[in-house]
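Hi,

Here is the structure I promised to pass on. Have a look at it first, and then read my notes below.

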Amino acid sequence: EDMDTVIDKPARIKGYALHRVVEQHQQGVPALWVDEGNQLRIRPKTTKAPAYEVGKLLGFTVTACVSFNCHGRHRYLPLDDWRGRKAWLEKQADKHGFQVVGVHVEGKMQTVEPHDGRKFRLDASDFTGLLRVIDPAKFGVALTQGIGRVGKAYGLNLLVVQ
């Protein structure tokens with residue numbers, strides 16, 4: 001996709017250091033990003049998303065933070081609760097103008113270690129599947145703003161479509 005910048009990633013850089021590198025690369029322009037192993041995919045939030053037709057089928061991947069707010073704290077599902085994660089994705093899809101046609105879900109956690117010595121963990125569930133565009137305008141916003149609220153600064157919630 002031409003809305004993304006894909007760069008080769010130094011082998012030893014990971015975690016919070018990636019967040020800092022992306023911020024510096026973007027020079028203040030907010031962006032979503034995802035670590036794809038040997039490469040880093042960066043999508044500025046100012047990007048104009050392509051217009052997809054209603055009914056268009058697209059393959060997709062997204063690593064997202066599946067979380068629920070409970071009395072001001074983030075709550076995560078057990079890692080083996082793929083049904084709960086699928087339900088979360090379907091709710092996001094509804095909000096963001098697409099329908100999940102089929103999906104494979106893998107629950108994982110990601111450790112974030114900012115430079116100040118704190119350490120915390122975020123849900124980083126992997127979704128791979130097929131989606132159908134229902135509302136092109138909302139779907140375009142999802143492509144540039146992400147589909148979840150939590151973890152965007154740490155490489156989560158970027159919807160990548162083929």
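Asp4 is a buried residue, with a relative accessible area of 10%. Keep in mind that this is a predicted model, so please read everything below as computed from predicted coordinates.

What does Asp4 pair with? Its salt-bridge partner is Arg41, and the closest N and O atoms of the two are 2.7 Å apart. Asp4 sits in the segment before strand E1 (5-8), while Arg41 belongs to strand E3 (residues 39-44), so the pair ties together parts that are 37 residues apart in sequence. Arg41 counts as buried too, at 13% relative accessibility.

Arg41 has another salt bridge, to Glu36, with the closest N and O atoms 2.9 Å apart. Glu36 is partly exposed, with a relative accessible area of 34%. If you step back, Asp4, Glu36, Arg41 and Arg43 turn out to be linked in a network of salt bridges. As a general reminder, side chains of opposite charge can pair when their charged atoms come close. Over the whole structure, the search finds seven salt bridges.

One of the others is worth a look as well. Asp126 forms a salt bridge with Lys108, where the closest N and O atoms are 2.6 Å apart. This pair links distant parts of the chain: Asp126 is in strand E10 (residues 125-133), Lys108 is in the loop between strand E7 (98-106) and strand E8 (109-112), and the two are 18 residues apart. Lys108 counts as partly exposed, at 32% relative accessibility.

Asp126 also brings us to Thr63, since a polar contact of 2.5 Å joins the side chains of these two residues. Where is Thr63 placed? You will find Thr63 in strand E4 (residues 57-64), and at 18% relative accessibility it counts as buried. Leaving aside residues up to four places away in sequence, Thr63 touches Ala124, Ser125 and Asp126, and also Leu156, Asn157 and Leu158.

Now for the sheet that E4 and E10 belong to. In what order do its strands come? The order is E7-E10-E4-E11, an open sheet of four strands with antiparallel pairing. E7 and strand E11 (160-161) stand at the edges with a single partner strand each, so one side of each is left without a neighbour in the sheet.

How many bridges join E4 to E10? There are eight, and the two strands run antiparallel. To find your way along this pairing, take Leu58, whose bridge partner in E10 is Leu131. Helix H2 (residues 82-95) packs on the sheet and touches E4, E7 and E10, with its direction making about 155° with that of E7. Helix H3 (residues 136-145) packs on the sheet as well, touching E4, E7, E10 and E11, and its direction makes about 155° with that of E10.

Back on the E4 and E10 pairing, Val62 stands opposite Phe127 in E10. E4 is also joined to E11, by two bridges, and these strands run antiparallel. There, Phe60 has Val161 of E11 as its bridge partner. When you follow side chains along a strand, it helps to recall that in a regular strand the side chains alternate between the two faces of the sheet.

While you have H2 on screen, look for Gln92, which is placed in that helix. Is Gln92 buried or exposed? At 7% relative accessibility, Gln92 counts as buried. Not counting residues up to four places away in sequence, Gln92 touches Ile147 and Gly148.

Last, the cysteines. How many disulfides does a search of the whole structure find? The count is zero. Why is there no bond between Cys65 and Cys70? The closest cysteine sulfur to that of Cys65 is the one in Cys70, and it is 15 Å away, which is too far for a bond. A disulfide would need the two sulfur atoms within 2.5 Å. The surroundings of the two residues can be compared by their accessibility: Cys65 counts as buried, at 1%, whereas Cys70 counts as partly exposed, at 31%.

That's what I have for now. Send me any questions once you have looked through it.

Cheers

Definitions and conventions. Residues numbered from 1 in each chain as written. Predicted model: local features only at pLDDT ≥ 70, side-chain atom pairs only at ≥ 80, totals over all residues. Heavy atoms only, no water. Salt bridge = Lys/Arg side-chain N within 4 Å of Asp/Glu carboxyl O. Buried < 20%, exposed > 50% of the residue type's maximum accessible area, 1.4 Å probe, protein only. Polar contact = N/O pair within 3.5 Å; in protein donor to acceptor, adjacent residues only side chain to side chain. Contact = heavy atoms within 4.5 Å. Pairing = 2+ DSSP bridges. Axes fitted to C-alpha atoms, helices over the stretch in contact; angles between N-to-C directions.
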